[in-house]
Amino acid sequence: MTKIKICGITCCEDVEILNKYLPEYAGFVMFFPKSRRNISAHTAANLLSLLDKRIKTVAVTVCPTAQQVSEIAELGFDFIQMHGEVEGSVIDNSPIPVFKAFNVSDIDKVSVYAENKNVCGYVFDAASPGSGKTFDWEILKNIPHDNKLFILAGGLDCKNVTDAIEILNPDIVDVSSGVENESKTGKSREKTAGFVRTVRKKRLV
């Protein structure tokens with residue numbers, strides 16, 4: 001069954017929603033102040049303490065340094081997601097498993113990480129991660145489903161996630177803007193419930 005990752009968690013209200021609907025993964029943007037979803041280490045620690053322990057946690061980063069990776073691990077995250085150009089030594093020495101992210105411009109680099117044991121999953125995102133825009137999923141059809149998790153992101157919502165699952169059969173679907181409030185601040189309880197219900201194909205109260 002396809003699992004769910006809800007990304008861009010920023011506040012206690014978001015955590016309350018996740019604790020109710022229990023996606024398998026929760027993502028927290030860190031060390032990337034350009035993102036409106038970026039949170040501090042202090043905020044991350046507080047939110048992690050409130051999150052249901054059944055939900056795996058992912059720190060979402062862009063070009064992280066070794067020091068940042070170390071700090072993320074010390075906070076207790078289960079995984080780290082790395083976007084952009086990352087030094088090989090940072091990935092190789094990460095104390096927690098890595099989700100390596102790709103967008104439509106660098107998908108051809110996937111094979112570089114095929115034998116890297118620290119990389120446990122690939123995240124396939126749109127050209128501008130976090131933009132809420134989709135991309136042509138057909139370009140992923142030839143990506144091998146090997147021992148790495150196949151994680152699809154980029155503009156997913158209740159209306160298109162069923163098609164995405166049927167076309168690519170990803171291990172995990174990753175949503176952020178697709179379950180946000182109309183104000184773009186915080187997660188919507190209704191949209192989150194709808195997304196989880198659609199993926200799991202069962203009614204939620």
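**A walk through the predicted fold**

Lys184 is partly exposed, with a relative accessible area of 44%. This is a predicted model, and Lys184 makes a handy place to step into it. The residue sits in the loop that links β8 (172-175) to α6. Its phi is near 70°, a positive value in a residue that is not glycine. Most residues other than glycine have a negative phi. Leu22 does something similar: its phi is near 50°, again positive without being a glycine. Leu22 belongs to the loop running between α1 and β2, and at a relative accessible area of 25% it counts as partly exposed.

Stepping back to the whole chain, the protein has six helices and eight strands. Followed along the sequence, these elements come in the order β-α-β-α-β-α-β-α-β-β-β-α-β-α. The radius of gyration is 16 Å, close to the 17 Å that the globule rule gives for 205 residues, so the protein is as compact as a globular protein of that length. Laid out along its principal axes, the C-alpha trace spans about 45 × 40 × 30 Å. Of the 205 residues, 51% count as buried. As for how the chain folds back on itself, take the contacts between residues at least 6 apart in sequence: 50% of them join residues at least 24 apart.

Helix packing comes next, with α1 as the thread. Helix α1 (residues 12-21) and helix α6 (residues 189-200) have axes that come within 10 Å and cross at roughly 30°. That angle makes α1 roughly parallel to α6, the cut-off for this label being under 35 degrees. The crossing of α1 past α6 is right-handed. On the α1 side, the contact is made by Ile17, Lys20 and Tyr21, while α6 brings in Arg189, Thr192, Ala193, Val196 and Arg200. Sorted by class, the residues of this contact are four nonpolar, one polar and three charged.

Helix α1 also meets helix α2 (residues 41-50), and here too the axes come within 10 Å and cross at roughly 30°. The two helices, α1 and α2, are therefore roughly parallel to each other. Once more the handedness comes out as right-handed, with α1 passing α2. Cys12, Val15 and Asn19 of α1 make this contact with Asn46, Leu47 and Leu50 of α2. The class count for α1 with α2 is four nonpolar and two polar residues, with no charged ones. So charged residues take part in the contact with α6, whereas the contact with α2 has none.

Just ahead of that second partner helix comes Pro33, placed in the loop between β2 (25-29) and α2. With 70% relative accessibility, Pro33 counts as exposed. Its C-alpha atom is 14 Å from that of His83, a residue 50 places away in sequence.

Two residues with no accessible surface to speak of give a view of the inside. Leu152 is part of strand β7 (residues 149-152), and at 0% relative accessibility it counts as buried. What surrounds Leu152, once its neighbours within four places in sequence are set aside? The residues in contact with it are Phe124, Phe135, Trp137, Leu140, Ala164, Leu168, Pro170, Ile172, Val173 and Asp174. Asp171 lies 19 residues from Leu152 along the chain, and the C-alpha atoms of the two are separated by 8.1 Å.

Val161 tells a related story from a helix. It is found in α5 (residues 161-168) and is buried, its relative accessible area being 0%. Leaving out residues up to four places away in sequence, Val161 touches Val173, Phe195, Thr198 and Val199. Val173 thus turns up beside Val161 and also among the contacts of Leu152. For a sense of span, the C-alpha atoms of Val161 and Ile72 are separated by 30 Å, with their positions 89 residues apart along the chain.

Notes
Residues numbered from 1 in each chain as written. Predicted model: local features only at pLDDT ≥ 70, side-chain atom pairs only at ≥ 80, totals over all residues. Heavy atoms only, no water. Axes fitted to C-alpha atoms, helices over the stretch in contact; angles between N-to-C directions. Helix = DSSP H or I, 4+ residues; strand = E, 2+ residues; numbered from the N terminus. Parallel < 35°, antiparallel > 145°, perpendicular 65-115°, else oblique. Left-handed = near helix turned anticlockwise from the far one by under 90°. Contact = heavy atoms within 4.5 Å. Nonpolar A, V, L, I, M, F, W, Y, C, P; charged D, E, K, R; others polar. Rg over C-alpha atoms; globule rule 2.2 N^0.38 Å. Buried < 20%, exposed > 50% of the residue type's maximum accessible area, 1.4 Å probe, protein only.
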